[in-house]
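User: I want to go through the terms used for this structure and see what each one rests on. Please set the value against the cut-off each time.

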Amino acid sequence: MDKSLSNRLDDNSVENILVRLPVKSLVRFKSVSKTWESFIEEDSSFIESHLSLSKAHPQLVISRYNGKTVQLFSPKDGFQGGEAVHRVTLPWVLDENVPRPIHGLFCFIDESDTATRIYNLGTRQVTPWAQTAPVPLQWMSAFDVMKTPTYGFGFDPSTKTYKLVYVLEIPEDYFSTSSKLQLICQVLTVGRRGNQWRNIDEVPPVRLFESAGVYAKASIYWRNDGADSFTPPDKELIVAFDVGSEKFRVIQIPDFIVGPPEILEDCAKRDEKFTVTSIDGHVALIDRVDACVVKLWISDDDSSNVEKKMRTTNWSEETILLPCSFKEEKNLYVHPVQGTDEIVIQTRIQDDMQIPRGSVSLNIYNRRKKSFQMIDITGITPLLRYPYDYNVHCVNESLLPVEDAEKKPMV
């Protein structure tokens, strides 16, 4: 610690003060001295303690994408008079369906070039480009016979490493729409020197439905898909990827959750039936039963026995009764705030310039109290204009270093 400060405070006292400060302040304090800079950037014990305290106070961040610009807003800061708390300019057009951030780390995806960057929201550090390894042919050339690549961002608590998994479907015959698909699975370990993707022999046992998987308790989860976009699967499954062992396993969704078979025979209805999320560190399913009723099904799955390729789990049920203002035609998005009893519920009607701004809403639902509280987002001036789309993230600030990160922050 800095000698001038240690004349009045011992090192432990200084650390106890610093560990409670926001990342923005700590980034400024790195200029106090080389000792402070090294301590804030490299002391793993301090960084972990800071993250642990941050988890108790998750920050709600609203993002809006406009071409190559990401605007990030925070209700905690009163929306800064409608201005973005962070404005990030990217060198590519961002895919809006990015994985949920983990410990303050955002994973930005560029699907057109099958590449990614990891961005720390607090420190503004960003990894260099990481482009997927070469495949037999450029998959975009056969986009009409292939689905969008599937990916997931996760954390391995045993090694304290962050990984991005990427699943590509490559047709064996690029000139046949009925060609058999070859699955290629690649993994990138964040912070590994060179940020290189590596192929793994393990591939999903079934096709994956969602583009971005959901992380919970050391695993990444997706629903399964049918043989093609027009055929539902024979069984409703959840596919899990254990971040540590890099193995896939399958969880069967029980019939009492799935419901009558005729509901899922229509692919469009199946698409709307379930959303995968994570609650209390467990994978969960969300089913909007009707305009005012949402069912939560929370599993007890974990990755303790990844050798079992197929396993069943216990499921607990919760019912959320929505206010009358939640109309059926509104799209519903649920964002659980990990470590709390709160769920952020977002509604919006897409692609209609005639719909009034009031159709966009943001509410916090308390699972224990079964109560709703509306979040005032009228201060975000970009959301007052069409289109009314935005994403919601529940973020834990962190000082987690991203090795080989560019020193120049993204602005």
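Analyst: A definition comes first: two strands pair if DSSP finds at least two bridges between them. The model is a predicted one. In it, Val293 has Leu321 in β19 as its bridge partner.

User: What makes β17 and β19 a pair, and in which sense do they run?

Analyst: Strand β17, residues 293-299, is joined to β19 by seven bridges. Pairing needs at least two, so β17 and β19 count as paired. The two strands run antiparallel. Another of the bridge partners in β19 is Glu317, which stands with Trp297.

User: How many bridges does β17 form with strand β16?

Analyst: Six bridges pair β16 (residues 282-290) with β17, again in the antiparallel sense. Against the cut-off of at least two bridges, this is therefore a pair as well. Ala284, for example, has Ile298 in β17 as its bridge partner. The connection from β16 to β17 is a hairpin of two residues.

User: Which strands make up the open sheet of four, and in what order?

Analyst: The order is β15-β16-β17-β19, and the pairing is antiparallel. What puts β15 (275-279) and β19 (315-321) at the edges is that each pairs on one side only. From one strand to the next, the twist averages 30 degrees.

User: Why is β17 called mostly covered?

Analyst: A residue is buried under 20% relative accessible area. Six of the seven residues in β17 meet that description, hence the wording.

User: What makes Lys295 and Glu317 a salt bridge?

Analyst: The cut-off is a side-chain nitrogen of Lys or Arg within 4 Å of a carboxyl oxygen of Asp or Glu. For Lys295 and Glu317 the closest N and O atoms are 2.6 Å apart, so the pair qualifies. Lys295 belongs to strand β17 and Glu317 to strand β19, so the contact ties together parts 22 residues apart in sequence.

User: Is Glu317 buried or partly exposed?

Analyst: Its relative accessibility is 42%. Partly exposed lies between 20% and 50%, so Glu317 is in that class.

User: How do you know that the side chains of Glu169 and Arg207 meet in a salt bridge?

Analyst: The N to O distance is 3.0 Å. The limit is 4 Å, so Glu169 and Arg207 pass. Glu169 is in strand β8 (residues 161-171), while Arg207 is in the loop between β10 (198-200) and β11 (214-216), and the two are 38 residues apart. Both Glu169 and Arg207 are buried.

User: How many salt bridges does a search of the whole structure find?

Analyst: The search gives twelve. One of them joins Glu41 to Lys30, with the closest N and O atoms 2.8 Å apart. Glu41 lies in helix α4 and Lys30 in the loop between α3 (23-29) and α4, so parts eleven residues apart in sequence are tied together. Glu41 has a relative accessible area of 22% and is partly exposed, since the buried class ends at 20%.

User: Why is α4 called oblique to α5?

Analyst: Two packed helices are described by the angle between their axes and the distance between the axes. Helix α4 (residues 34-42) and helix α5 (residues 44-55) pack at an angle of about 60 degrees, with their axes 6 Å apart. That angle makes α4 oblique to α5, because roughly parallel means under 35 degrees and roughly perpendicular begins at 65.

User: Which residues of α4 and α5 meet?

Analyst: From α4 they are Phe39, Ile40, Glu41 and Glu42, and from α5 they are Ser44, Phe46 and Ile47. By class, the contact has four nonpolar, one polar and two charged residues.

User: What makes β4 and β6 edge strands?

Analyst: They belong to an open sheet of three strands in the order β4-β5-β6, with antiparallel pairing. β4 (105-110) and β6 (130-131) each have a single partner strand, so one side of each lacks a neighbour in the sheet. Strand β5 (residues 115-120) is joined to β6 by two bridges, and the cut-off is at least two, so the pair just qualifies. Thr116 stands opposite Ala130 in β6.

User: How many helices and strands are there in the protein chain?

Analyst: The chain has eight helices and 24 strands. Of its 411 residues, 52% are buried.

Note on methods:
Residues are numbered from 1 along each chain as its sequence is written. This is a predicted model: local features need pLDDT of at least 70, side-chain atom pairs count only at pLDDT 80 or more; totals for chains, interfaces and linings use all residues. Side-chain values use heavy atoms; hydrogens and water are left out. Axes are lines fitted to C-alpha atoms, for helices over the stretch in contact, and angles run from 0 to 180 degrees between N-to-C directions. Angles under 35 degrees count as roughly parallel, over 145 as roughly antiparallel, 65 to 115 as roughly perpendicular and the rest as oblique. Contact means heavy atoms within 4.5 Å. Ala, Val, Leu, Ile, Met, Phe, Trp, Tyr, Cys and Pro count as nonpolar, Asp, Glu, Lys and Arg as charged, and the others, Gly among them, as polar. Buried means under 20% relative accessible area, exposed over 50%, partly exposed in between (1.4 Å probe, protein chains only).
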